Amino acid sequence: MLNIKVENLRKSYGKRDVLKGLNFTAEQGEVIAVIGKNGAGKSTFLETLMMIRDFDKGEVTIFNKQVKSLSKKESAEIKKKISIVLQPTHFYKNLKVIELLELFRAYHGISTDLNEVVNSFELEEHKKTYFDKLSGGWKQRVALAIAFMTQPKLVILDEPTTGLDPYMRDVLWKNIIKYNKEKNGTVLLSTHNMDEVERYCDKVLLINNGIAEVFDTPENILEISGYQSINDFYLATVEKKEAALC
């Protein structure tokens, strides 16, 4: 079943066309990488799905609801099912990790078991540490824990494992994938780390010049393109486009 369906999405800023008829679908349980060079339209696309950016033409359907036809109440209900982790991470510096978790639990009015959250994201040793005293990797881990506390159906991650060592990167991805499958959700990953794209993502959406130039599984992309890695495929694709513009 589809969680997201985007048809002929178009968005312009003045005379500059940013999205030029982008099509996209996301099934329940999928982790999808959204890649492309800066200025390709990734941010506008993701902000549209976050429901913080209006669009000019096309249809966007989230959880079987067409965004354009939603009432304010319906829009608010859908936004409750969306969690976002952006870079850089800024929280209240003078709160301890456990206090941050308690704050966000109260803010969202949920009854999540904080001990379960702490254990899942291996935060025990730092749960009484002030957020400002954490390293970048630990801060990102806390941000991810908070993002999943609300049991979202759509999670949008921007470089979620920046600053993490390989072990913790793998721990977090296992948590993300396990949770997403259990909740029939969708995770959209914006990243420049092509190794993570290849290893953890079900599909890859390459946005180029405002359209979905490629949307397929990593395996199919490599088989069709003949490249040995998603990183090689991405670099070659971007280089070809840059050369064509020269």
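Contact means heavy atoms within 4.5 Å. The model is predicted: local features need pLDDT of at least 70, side-chain atom pairs count only at pLDDT 80 or more, and totals for chains, interfaces and linings use all residues. Residues are numbered from 1 along each chain as its sequence is written, and side-chain values use heavy atoms, with hydrogens and water left out.

**Exercise 1. Find the contacts of Ile35, then place Ile35 in a core.**

Step 1. Leave aside the neighbours of Ile35 within four places in sequence. Ile35 is then in contact with Lys42, Thr191, Met194, Val197, Val204, Leu205, Leu206, Ile207 and Tyr234.

Step 2. Learn the term. A nonpolar core is a set of buried Ala, Val, Leu, Ile, Met, Phe, Trp, Tyr and Cys residues joined through side-chain atoms within 4.5 Å. Buried means under 20% relative accessible area, exposed over 50%, and partly exposed in between (1.4 Å probe, protein chains only).

Step 3. Look at the largest nonpolar core, which has 49 residues. Ile35 is among those with the most contacts inside it, together with Leu101, Phe121, Leu123, Val142 and Leu157. Helix H5 (residues 136-149) gives the most to this core, with nine residues. Helices (H or I, at least four residues) and strands (E, at least two) are DSSP runs, numbered from the N terminus.

Step 4. Look for a separate core. Another one, of 29 residues, lies apart, and includes Val18, Phe55, Ile62 and Ile207.

**Exercise 2. Decide for Val197, Val60 and Lys128: buried or exposed?**

Step 1. Val197 sits in helix H7 (residues 194-200). Its relative accessibility is 0%, so Val197 is buried. Beyond its neighbours within four places in sequence, Val197 touches Ala33, Ile35, Thr191, Val204, Pro218 and Ile230, by the contact rule.

Step 2. Val60 belongs to strand S4 (residues 57-62). Its relative accessibility is 2%, so Val60 is buried too. The C-alpha atoms of Val60 and Thr48 are 8.4 Å apart, with their places twelve residues apart along the chain. Thr48 is also one of the contacts of Val60.

Step 3. Lys128 lies in the loop between H4 and H5. At 62% relative accessibility, Lys128 is exposed. From Lys128 to Tyr200 the C-alpha distance is 31 Å.

**Exercise 3. Sort the two sides of helix H8.**

Step 1. Pick out the buried residues of H8 (residues 218-225): Pro218, Ile221 and Leu222.

Step 2. Look down the axis of H8. The buried residues fall within an arc of 95°, so they line one face of the helix. The arc is that of the directions from the helix axis to the C-beta atoms.

Step 3. Turn to the face pointing away from the buried side. Exposed Glu219, Glu223 and Ile224 are carried there.

Step 4. Step past the end. Just after H8, Gly226 has a positive phi of about 85°.

**Exercise 4. Describe the lining of the second largest pocket.**

Step 1. Learn the term. On a 1 Å grid over the protein atoms alone, a pocket is an open set of points where a 1.4 Å probe fits, with protein on both sides within 12 Å along at least five of seven lines; lining residues have an atom within 4 Å of a point.

Step 2. Count the lining: 16 residues. Glu116, Ser120, Phe121, Phe148 and Tyr179 lie nearest the centre of this pocket.

Step 3. Find the sources. Helix H4 (114-120), H5 and helix H6 (166-183) each supply at least two lining residues. H6 gives the most, with six.
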